[in-house]
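Student: Please give me a close look at the second largest pocket. Then set it among the parts around it.

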Amino acid sequence: MTKSPEQLEQELKRRSKAAKLEIWGRVVSFSALILIVAVVVAIIGFVASKGLATFTTNHVNLWDFLSGKNWNPSLTDAHGKPEVGALSMIVGSFLITVLSAIVATPFAIGTAVFMNEISPNRGAKILQPVTELLVGIPSVVYGFIGLSVVVPFTRSVFGGSGFGILSGTCVLFVMILPTVTSMSADALRAVPRYYREASLALGATQWQTIYKVVLRAATPGLMTAVVFGMARAFGEALAVQMVIGNAALMPHSLVDPAATLTSVLTTGIGNTVMGSLQNNALWSLALVLLLMSLVFNLIIRLIGRKGRLQ
Amino acid sequence: MNSKVQNKIAIGVLYGIAGVVVLILLALVGYILVSGLPKVSWHFLTTPAKAFLKGGGIGVQLFNSFYLLILAMLISFPIALGAAIYLYEYAKDNWVTSVVRTAIEILSSLPSVVVGLFGFLFFVVKLRLGFSILSGAFALTFFNLPLLTRSIEDSLHTIDDKQREGGLALGLSRWETVTRVILPAAVPSILTGVILSAGRVFGEAAALIYTAGQSAPALNFMDWNPFNISSPLNPMRPAETLAVHIWKINSEGIMPDAKAISSGSSAVLVIAILLFNLAARYLGKRLYKRLTSA
Amino acid sequence: MFMSSDIAKPGTTPERHIVQPTDAQHPTVLSTEGLHVFYGDKEAIYEGDLKFARNQITALIGASGSGKSTFLRSLNRMNDRIATVKGRIMYRGVDINQPDIDVYEMRRRIGMVFQRPNPFAKSIYDNIAFALRLRGVTAKNKLDEIVETSLRQAALWDQVKDELDKSALALSGGQAQRLCIARAIAVKPDVLLLDEPASALDPVSTSQLEDTLLKLKQHYTIIIVTHNMQQAARISEYTAFFNQGRVLEYDTTSQIFTNPQVQVTSDYVSGNFG
Ligand SMILES: Nc1ncnc2c1ncn2[C@@H]1O[C@H](COP(=O)(O)OP(=O)(O)O)[C@@H](O)[C@H]1O
Ligand SMILES: [Mg+2]
């Protein structure tokens, strides 16, 4: 008793349970994805609209905001304009970011080279798990140690309050060190074994091999690691806020109290009234922060693309 | 300079650098544990904080941290799972996918303070949820989503495509194949990723100070009705977490034993993260073994 | 009564020689008409009009890269997302290459076993039972029965009947491949496609697998890709020879191996290829 082709065709064209589930699954999983995208769009949209209000609603000049050195949103200057110069905080943020990256880079890459090239055994057994664990230490813990160890130390050596760019840099240095080390080690690990073997076979010393072959081949990955660390440092709020002193002044020395975009934001946003100029000006700082994180993102992509082209 | 000598010097320097880094890291962990552990006691872990007096604990904060963590995970896991499944199993390699991936990368690189401020603006103010567990859980969700999505995608990647073909060849849909074949096989690695991300969420503070708030009203641990204001489960109450607590008592400076409390809290946080790490490794291995033998 | 299509200049061997099976006892179950398969712009199958006889084993042979897998995977549309398949695939009178065919329903009738054994990370029992449960077979005794018959048909029952709860990932290669066959036949397909199912197995497992296939052919129509010519000769009734995306010769297995008509086939089966 076999079916006629017509019967069979009908059976094969009936929408099965599997086909219905497939559509359901696609819709559900796609919705989840769209939700994430919507969150990103909403964050950028909200922060941008609030951050731009300073310039559209309160008519602050964008250039004055970026280049002004006085931050006192509740006061007005001699021309009757509000004092919303964010330069001191922008400089503060960049200063601690660049300084901590400059200090962290040699240590991080050196350690990564050590654990990958010189002592892979100890590297895999001890250093790698330890760095991976330290990546997860909460930033407030770094801030607290900065407050109870670094600030008093700076104070005893350089006098003053101990709060300032130097303390901030120290804290961020230790904070991004595990991240940059761990990512650098990944970059080195991605360099194929035979690169090293070929170089050593040609009579190069281990250092020449590391310097001329391994580090060169891993350059894009190492740069990504450093930029990633910088992005983290730039966006770090609480650890920095706890040790920098929070004085929105142009930094004149590394040991005077200063401020960063994040530190002013964390201390300020709770003390201002929504919709006021003081509040909008803070959202403008948040917008700068957001734009900078987009820039870091872009740099990392560019490095990645260049790395792939090579 | 002779290249052999140069080699010796360079390697010596590398040993030095690695040594310094190890010292720094050890000193860091050592300091946290040595200064903090003596403060940790059952009393410390279970009593509420005292704002103006010595001898308070971190009981409420600790509870809040776990409660927020669980809520945030409950919200973010299904979303991240769905997104990862779509990205890995369905998405074609076209511009839409690349835009979506870029968006997720942007979210993962946003400073957590920006995420917190958005949470404040949207949940606390716009949706009038106030400083509450719920606002905090949403902020933590946003903070957690991109990394969790990536980690689940990586887990899906570890499962051989032959398994997918096997499911399809039996007449299963892709969805059935993923949910019935791929996900069960990926559980050990997904779980590892989830626990590691839980560690990050547990220690996060910047996203919470303006969403879950900075106060920890006393809780009645006998009252488990989530609609009562003093119930620990009430999702609408403000809830300072352990990480926020460390930040707050140090920036206010009114608690007389703020330093001791912070040391103890830091040690608790770090040990919790350590346990999360160990648990992730252990459970992942254990489950994997169970899946492949027995 | 021959349906033959030779294309040959006088005095030379033909370029193609296709003899479709015409045995009335084994009517055609599956056939392709004007099949063309493209990976992007690259054409991988140019010609492949073949008819497959019911309850017989047909072997697809040819050098690596000649398009055997591509052809086989097109038959139950496993290539849907990867390749463009043009032409008609007639299954018992229905063109299953139409877009509105429910591929899931179709694949339950045309099952597939792959080159590398791919048991799921589940128990031996669940590897077989879980697809059935998804299709509504939930009664325990019914499941037990199907698991047992499938494993018996795949000649695995005696080895695993006491450890059905064990993870299938712990099975040896040959056992795992037979589990995959058991899994495929548990959903009661009509046609079974196998893509070099023995290539990852040792000689003993291979010969067990061949015995299994010879028994299975009473119930199923089997199409098997193999690069092992002895294997094709041992088990199949019909053999198709693929070369560079074309079927150059199709005939009974004995004809292909003892009296090939096309020069390339002759070179290939006698081992003078390439
Ligand atoms: N997924 C794919 N994408 C692009 N080309 C493919 C793909 N799979 C196979 N091919 C190409 O199609 C041709 C036939 O391959 P295949 O069917 O695997 O041959 P066989 O199974 O006979 O070894 C080869 O040239 C191969 O490179
Ligand atoms: Mg093949």
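Tutor: One definition is needed to sort the residues of a lining: Ala, Val, Leu, Ile, Met, Phe, Trp, Tyr, Cys and Pro count as nonpolar, Asp, Glu, Lys and Arg count as charged, and the others, Gly among them, count as polar. On that sorting, the lining of the second largest pocket holds 17 charged, 11 nonpolar and two polar residues. Please keep in mind that the model is predicted.

The pocket has a volume of about 780 Å³. Its lining consists of 30 residues, and those nearest the centre are Glu89(B), Tyr90(B), Leu168(B), Arg174(B) and Arg81(C). Three chains take part: helix H2 (17-56) of chain A, helices H3 (59-90), H4 (95-109) and H7 of chain B, and helix H2 (103-109) of chain C each give at least two residues to the lining.

Helix H7 of chain B is a good place to go on from. Residues 161-169 make up this helix, which also gives at least two residues to the lining of the largest cavity, as do strand E8 (110-113) and helix H6 (173-186) of chain C. Three cavities reach 30 Å³ or more, and the largest holds about 60 Å³ of space. From chain B, Gly166(B), Ala169(B) and Leu170(B) line this cavity, and from chain C the lining includes Phe114(C), Asn118(C), Cys180(C) and Arg183(C). By class this lining has seven nonpolar, three polar and one charged residues, to be set beside the 17 charged residues in the lining of the second largest pocket.

Gln163(B) is another residue of helix H7 of chain B. Is Gln163(B) buried or exposed? Its relative accessible area is 10%, and because buried means under 20%, Gln163(B) counts as buried. Beyond its neighbours within four places in sequence, Gln163(B) has contacts in its own chain with Thr177(B), Val181(B) and Ile182(B), and in chain C with Asn118(C), Pro119(C), Phe120(C) and Ala121(C). Asn118(C) appears here as a contact of Gln163(B) and also in the lining of the largest cavity.

Now to chain B as a whole. It has 10 helices and zero strands. Its C-alpha trace spans about 70 × 70 × 45 Å along the principal axes, and 56% of its 294 residues are buried. Of the contacts in chain B between residues at least 6 apart in sequence, 74% link residues at least 24 apart. The UniProt record, an unreviewed entry, places "domain: ABC transmembrane type-1" at residues 62-280 of chain B. That span is 72% helix and 0% strand, and its end C-alpha atoms lie 21 Å apart.

Ile273(B), in helix H10 (residues 258-292) of chain B, shows a link from chain B to chain A. The relative accessible area of Ile273(B) is 2%, so it is buried. Not counting residues up to four places away, Ile273(B) touches Leu133(A), Gly136(A) and Pro138(A) in chain A, as well as Gly199(B). Gly199(B) is 74 residues from Ile273(B) in sequence, yet their C-alpha atoms are 5.2 Å apart.

For chain A, the UniProt record (unreviewed entry) lists "transmembrane region" at several stretches, among them 84-109 and 281-300. Residues 84-109 are 88% helix and 4% strand, with end C-alpha atoms 40 Å apart. Residues 281-300 are 100% helix, and their end C-alpha atoms are 29 Å apart.

Chain C, which supplies Arg81(C) to the pocket, mixes 10 helices with 12 strands. Its radius of gyration is 19 Å, close to the 19 Å that the globule rule gives for 274 residues, so chain C is as compact as a globular protein of that length. Buried residues account for 57% of chain C. For "domain: ABC transporter", UniProt (unreviewed entry) gives residues 30-269 of chain C, a span that is 38% helix and 25% strand. Within chain C, helix H1 (residues 68-75) has seven of its eight residues buried, so this helix is largely enclosed by the rest of the structure. Among the buried ones are Lys68(C), Phe71(C) and Arg73(C). After H1(C) comes Arg77(C), with a positive phi near 60 degrees.

Notes
Residues numbered from 1 in each chain as written. Chains lettered and ligands numbered in written order. Predicted model: local features only at pLDDT ≥ 70, side-chain atom pairs only at ≥ 80, totals over all residues. Heavy atoms only, no water. UniProt positions renumbered as here; feature names shortened; annotations may be inferred. 1 Å grid on protein atoms, 1.4 Å probe; cavity = no way out; pocket = protein on both sides within 12 Å on 5 of 7 lines; lining within 4 Å. Points joined across faces, edges and corners; volume = space filled by probe spheres on them. Rg over C-alpha atoms; globule rule 2.2 N^0.38 Å. Buried < 20%, exposed > 50% of the residue type's maximum accessible area, 1.4 Å probe, protein only. Contact = heavy atoms within 4.5 Å.
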